[in-house]
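The report below reads one chain through its sheets, its helix packing and its charged pairs. Please keep the structure open beside the text while following the sections in turn.

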Amino acid sequence: MDNTKEKITGSEALLRTLIAEGVDTIFGYPGGQVIPLYDCLYDYSDRLRHILVRHEQGATHAAQGYARVSGKVGVALVTSGPGATNTITGIADALMDSTPMVVITGQVPSALLGSDAFQEVDVIGIAQPITKWAFQIRKPEEIVWAISRAFYIASTGRPGPVVIDFAKDAQVGTVEYEYKKVNNIRSYQPIPVIDPESIAAAAELINNAAKPFALVGQGVILGGAEKELFAFLEKADIPAASTVLGLSAMPTDYRLNKGMLGMHGNVAPNRKTNECDVLIAIGMRFDDRVTGNLEYYARQAKIIHFDIDLSEIGKNVPTDIPVLGDAKETLPAVTALLRPSVHTEWIASFASDEQEEYEKVINKEIHPSADRPLQMGEVVDKIAKASGTDAVLVTDVGQNQMMGVRYFQYGRTRSVVTSGGLGTMGYGLPAAIGAKIGAPERTVCLFTGDGGLQMTIQELGTIMQEKLNLKIIVLNNHYLGMVRQWQELFFDKRYSATTMENPDFTAIGEAYRIQSRTVGNREELDEAIAEMFAGEDAYMLVADVETHGMVYPMVPAGAAITNIIMGEESHE
């Protein structure tokens, strides 16, 4: 019997291992130190789809969008030096938003490490603070172990990014190939052991609550615990609201869904945070954009915090009962101990705040008077209704982001792709590419601003080359809108460096062979939306919206979460 293992190059070993780990798509950009790997990829094009982005930052954001809608690990492949450093923003973004991603960077041959060789940079030194793990492959024998370990770390526990730096000599060297999956690391415990006492204590507190309120974060989606969440909320009749990244864990029209939390969130859940007697945080990290000034945050409530990451427990908000573990396991454990409850009066108390927000903010935004210019929320609302509740929302960052998440409609999970923790302008366009490839059967609507679009506008070339059916909506107000909003409210309307003289976006879209149209009034808007959804190709709709439009409600930075600005009748 011949037990001789097949001998192959390091490049082929890497590609085979990627396939073994379930990878079907790579977002990348070739360069000198990954040419051997790309040469090998030529023979694997039937098993690995490579998406040629136009900038390495775009590769990471596309990998993030792919991961967010598919639930799989996103993969980016770039060369050394500037190729590697161009991925840093996307890696940091993935860490902040717990997005599973493996970034493979080329590196100079190991004999040249430390010599300041052409396009050499200390990728591991740069990446370690913004990754779950970073490792440099110098020998072909390390490839299978490192890649499988990378996928295990990226996808388990609290997900996040991993960087693998791949020296060129390890790519061209040979190795006897044998795939061995890593599914255990002695020093790494991705899912904590559940503490029965915490489970019992949480259930007892909820059973005795008169005004329980649940805060739903992305941890529910990452853990695939949506059904477990519904069972929990239904049994105890608990109203709930979501963080930005937690949106779509509950359908928009779900009876216990009370909207979005935070700086530009809905009025009722923000106010009720400071009225409830038991606050139940599930897979969220009490970000400052959700809590406002911690000195005035939920001081009256007992806090139960469900989370998989021990470092988040008590980090920002003191926790009375920590429930450490995977939400898919901890939620049912608590639910089993709950008494069926009814909180009719408590839930009904949200209505007055909801009505106030509708009258003072929402109605004016989505049904403006005829003499007002197009409003951002009006555009989002019309497109949301036209796209249906199965569509995926992708946003850039800024006013377009807050309007997008506020007024879009969600009917299923994994329907929101946005940069939450890092707030990366330029995220939207490449993330939409990844989202469409990760969920090709779903309509993907990107809302972006004129500022964010121009940070990664070159990715229109990727859409053109891949012939992706993306719906791109540019909310064009000729400003860096969110910064301008802060300048208007808090800096005496001193609009320093926020006015933007923009190009003809429609002409740019057409140059990339993307059907494009600019609308400046609501008479044209309905027709343009119908035209956009009628076709099976990419479409860019540029909406010239009110230049001084504002996103309301708004909780000023550093204020209590109940200190809510509702807006004024008009703006300059």
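## A covered strand and its sheet

From strand β18, Lys471, Ile473 and Leu475 point one way while Ile472, Val474 and Asn476 point the other way, and all of these residues are buried. The model described here is a predicted one. Strand β18, which spans residues 471-476, is accordingly mostly covered, with six of its six residues buried.

On one hand, β18 pairs with strand β17 (residues 444-449) in the parallel sense, over five bridges, and within this pairing Val474 of β18 is the bridge partner of Thr448. On the other hand, six bridges join β18 to strand β20 (residues 539-544), and these two strands also run parallel; here Asn476 stands opposite Asp544 in β20.

These strands belong to an open sheet of six strands with parallel pairing, whose order is β16-β15-β17-β18-β20-β19. The edges are taken by β16 (416-417) and β19, and because each has a single partner strand, one side of each is left without a neighbour in the sheet. Further along the order, strand β15 (residues 392-395) pairs with β17 in the parallel sense over four bridges, with Thr395 standing opposite Phe447 in β17. Helix α19 packs on this sheet, where it touches β15, β16, β17 and β18, and its direction makes about 175° with that of β17.

## Helix α19 and helix α3

Helix α19 (residues 428-438) also packs with helix α3 (residues 56-70), at an angle of about 40° and with the two axes 6 Å apart. That angle makes α3 oblique to α19, and α3 passes α19 in a right-handed crossing. On the side of α3 the contact is made by Gly58, His61, Ala62, Gly65, Tyr66, Val69 and Ser70, and on the side of α19 by Pro430, Ala431, Gly434, Ala435, Ile437 and Gly438.

## A second open sheet

Another set of six strands forms an open sheet in the order β11-β10-β9-β12-β13-β14, again with parallel pairing. Its edge strands are β11 (257-260) and β14 (321-324), each of which pairs on one side only. Neighbouring strands in this sheet are turned by 20° against each other on average, with direction ignored.

Within this sheet, three bridges join strand β9 (residues 212-216) to strand β10 (residues 240-242), the two running parallel, and Val216 stands opposite Ser242 in β10. Helix α11 (residues 226-236) packs on the sheet and touches β9, β10 and β12 (278-282), its direction making about 170° with that of β12.

## Charged pairs

Side chains of opposite charge can pair when their charged atoms come close. In this model the count comes to 30 salt bridges, including the three pairs listed here.

| Salt bridge | Closest N to O distance |
|---|---|
| Glu356 and Lys360 | 3.0 Å |
| Glu378 and Arg522 | 2.7 Å |
| Glu531 and Arg517 | 3.6 Å |

How far apart in helix α16 are Glu356 and Lys360? The two are four residues apart in this helix, which covers residues 350-366, so about one helical turn separates them. Lys360 counts as partly exposed, because its relative accessibility is 42%.

Glu378 and Arg522 form a salt bridge in which the closest N and O atoms are 2.7 Å apart. Since Glu378 lies in helix α17 (residues 376-387) and Arg522 in helix α24 (residues 522-534), the pair ties together parts that are 144 residues apart in sequence. Both Glu378 and Arg522 are buried.

The side chains of Glu531 and Arg517 likewise meet in a salt bridge, at 3.6 Å from N to O. This pair links distant parts of the chain, with Glu531 in helix α24 and Arg517 in strand β19 (residues 515-519), 14 residues apart. Is each partner buried or partly exposed? Glu531 is partly exposed, with a relative accessible area of 32%, whereas Arg517 is buried, with a relative accessible area of 16%. Elsewhere, Arg158, Asp309, Glu312 and Lys315 are joined into one network by salt bridges that share partners.

Terms used
Residues numbered from 1 in each chain as written. Predicted model: local features only at pLDDT ≥ 70, side-chain atom pairs only at ≥ 80, totals over all residues. Heavy atoms only, no water. Pairing = 2+ DSSP bridges. Axes fitted to C-alpha atoms, helices over the stretch in contact; angles between N-to-C directions. Contact = heavy atoms within 4.5 Å. Salt bridge = Lys/Arg side-chain N within 4 Å of Asp/Glu carboxyl O. Buried < 20%, exposed > 50% of the residue type's maximum accessible area, 1.4 Å probe, protein only. Parallel < 35°, antiparallel > 145°, perpendicular 65-115°, else oblique. Left-handed = near helix turned anticlockwise from the far one by under 90°.
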